[in-house]
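Let's take a walk through a protein chain and some of the ligands that sit against it. Have a look at the picture first, and then we'll go through it piece by piece.

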Amino acid sequence: MGPLRVLLLLAFWATSDLVSCSFIPPTIFGDPLSMSVVTLDPPDFRGTPVYRIEFTTNTKAGLKNGMIHRNWEEFQELQRLITSELLIHSGLTLPVEPSVESLNDYLIQASESPNLMMSTIMSHFLGINWDGKDIKFFGSLVNFIEIVTKVVKAPYFQPEPPLYDSEDDVILAEETPFEVYLYLKGLQSQDSIEDYLIFFKNYTDTCPGFEGAPDDSDVQWPNSPVTYPPHYDQTYVHFLPGGYRNGKTLRINYVGKSKFNFLNETIIKEWLVKLHGDKNPAKVLDIGSGPGFSAMVLAEMFPEAQIYAVDMAAPNPRFSRRWAELRGLTNVEFYHANAEDMHFWEDNTFDFINYAYVLHEMPQDNSIRIINEIYRLLTPGGTMNGFEVPFPPEEVERSLLTEWNTWGYNWEDVGPKGPEPYMKEYEFGCNITYSLHDAGFQNISTIGYSFFDWVYLGEKAQL
Ligand SMILES: C[S@@+](CC[C@H](N)C(=O)[O-])C[C@H]1O[C@@H](n2cnc3c(N)ncnc32)[C@H](O)[C@@H]1O
Ligand SMILES: *[C@@H]1O[C@H](CO)[C@@H](O)[C@H](O)[C@H]1NC(C)=O
Ligand SMILES: *[C@@H]1O[C@H](CO)[C@@H](O)[C@H](O)[C@H]1NC(C)=O
Ligand SMILES: *[C@@H]1O[C@H](CO)[C@@H](O)[C@H](O)[C@H]1NC(C)=O
Ligand SMILES: *[C@@H]1O[C@H](CO)[C@@H](O)[C@H](O)[C@H]1NC(C)=O
């Protein structure tokens, strides 16, 4: 290779690096010292032009520079909060006409007030001193109630959003404060759900989509195209714009690992080892594998076994295949399939079948079909393990779970929905312990883990 080729190649690498360069804002904890408006940048995902503010903070590790984008409305909101909440009237007035210069003067003037600079309002305006890591989302019922009743406060202003330009960054980046803010606002949006849905979609539209072949055959079992049940493209869970099939929502599903107990690999592993560590399955199936948390745990826990995982959204197996590669796992395969109908596998194929948080996300007929498929595919004497939301014996408890999660809306109606629109189908239709029994399972048992998590166990009869 001639020196010119090498140079050209280097130049290409350099530019391609630039092209696929994500912006992941650093989390800063410290006291703001100075700030200035440096430029007006093009509109962000909210559709308004944004002023770029640069600031210096005093952190435990010394001086640290930061950057935040704010639009004109946010400056107006800052001024409103300063006068209404901080009661600082010290002649600080917002310019009539926003411009880089006038807003810069405004911030310089504001920085002369120590009270203001040390306030929570100013921290949130600069996107510092908040990462939401202390919020225990589904840790306990009390945690959850404190969130929905807004005892847990979201920051006054959104943290700086990350911008992902590569799918690997979606997999590898630490959760950012903005992503915690998105979750928190979602759970607190009951009275403003229409606005939230636009905000949520505008942001997820900026994320990578994990696309593949137009017919998704790149991630399907050979010659096994997927037929979607109508509900899947009609009413989306967790407010996801376009549902799971929109791969741009994958990052948000993935960071669910810091909120839901059975998306946390440490907790999944602890329970799978405790309940099934003595088993030695040759073939394992994970259903509704999502990003792949439970499938990855199974692959690591049973290195001798071959793990198969299916999900009805094609972006998920694409994400999981790459993630498994990055983790060096070679005994796990991910496919795009509808778990209601896995005809490409024969009866009695798997020794162990697991799923986490799947059956409560669909109408009752669909979940019962999946339960029957699990039974069909298990080898005689095989075990199923389900991590799923509770099915308490008391009807009043099931009604409460339904109400909290659907906000009282019926999934089939047009209009707003709660975070788990199918909860009534699960609590009053799927009736999981009964359906497991009807499917033929023996030794059915349940273990309570939290107000949002139970473990369901069942065994297929020996021949
Ligand atoms: C909450 S996520 C599960 C997370 C996953 N267990 C993990 O460990 O990462 C629920 C998943 O179920 C999938 N799903 C829903 N209905 C399905 C079906 N009929 N067949 C296969 N997957 C389905 C959804 O696409 C979604 O990815
Ligand atoms: C969403 O994006 C559109 C198009 O850029 C914009 O007009 C709208 O103001 C945005 N809304 C929100 C809430 O982000
Ligand atoms: C998962 O759970 C463990 C044990 O409770 C906890 O230490 C860890 O921080 C959790 N992981 C995440 C990502 O939240
Ligand atoms: C589930 O239980 C409810 C009573 O809570 C019953 O009305 C319903 O028919 C059951 N669903 C099925 C599919 O059996
Ligand atoms: C159910 O449990 C009993 C007692 O532990 C056991 O003998 C039986 O084999 C189990 N049934 C299946 C299908 O594994």
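Which side chain has an N or O atom 3.0 Å from an oxygen atom of ligand 5? That's Glu459, and the pair is a polar contact (two N or O atoms within 3.5 Å; within protein, one must be able to donate a hydrogen and the other to accept it, and residues adjacent in sequence count only if both atoms are side-chain atoms). On its own, ligand 5 has 360 Å² of accessible area, and the protein covers 46% of that (areas come from the Shrake-Rupley method with a 1.4 Å probe; for residues, only the protein chains shown count as cover).

Before going on, some ground rules: this is a predicted model, where local features need pLDDT of at least 70 and side-chain atom pairs count only at pLDDT 80 or more, while totals for chains, interfaces and linings use all residues. Residues are numbered from 1 along each chain as its sequence is written, chains are lettered from A and ligands numbered from 1 in the order in which they are written, and side-chain values use heavy atoms, with hydrogens and water left out.

How confident is the predictor? The protein chain has a mean pLDDT of 94, and 95% of its residues reach 70 or more (pLDDT is the predictor's confidence in each residue, from 0 to 100). Residues 1-18 stay under 50, and the model gives them two contacts beyond four places in sequence (contact means heavy atoms within 4.5 Å). Where pLDDT is low, don't read the predicted coordinates in detail.

Now for the overall layout. The chain is divided into domain 1 (3-180) and domain 2 (252-459), with bounds from an automatic or database domain assignment. Their C-alpha centres lie 37 Å apart, and the contact takes twelve residues from domain 1 and 15 residues from domain 2.

Back to the ligands. Around ligand 5 you'll find Gln442, Asn443, Glu459, Lys460 and Ala461 (a residue is near if one of its heavy atoms lies within 4 Å).

Ligand 4 has Gln364, Ile368, Arg398, Phe428, Gly429 and Asn431 around it. A polar side-chain atom of Arg398 is 3.0 Å from one of the ligand's oxygen atoms, and a polar backbone atom of Gly429 lies 3.1 Å from a nitrogen atom of ligand 4. The protein covers 45% of the 360 Å² of accessible area that ligand 4 has on its own.

Last stop: ligand 2, surrounded by Phe45, Arg46, Gly47, Ile198 and Asn202. Here Arg46 brings a backbone N or O atom to 3.2 Å from an oxygen atom of ligand 2, while an N or O atom in the side chain of Asn202 is 2.3 Å from an oxygen atom of the ligand.
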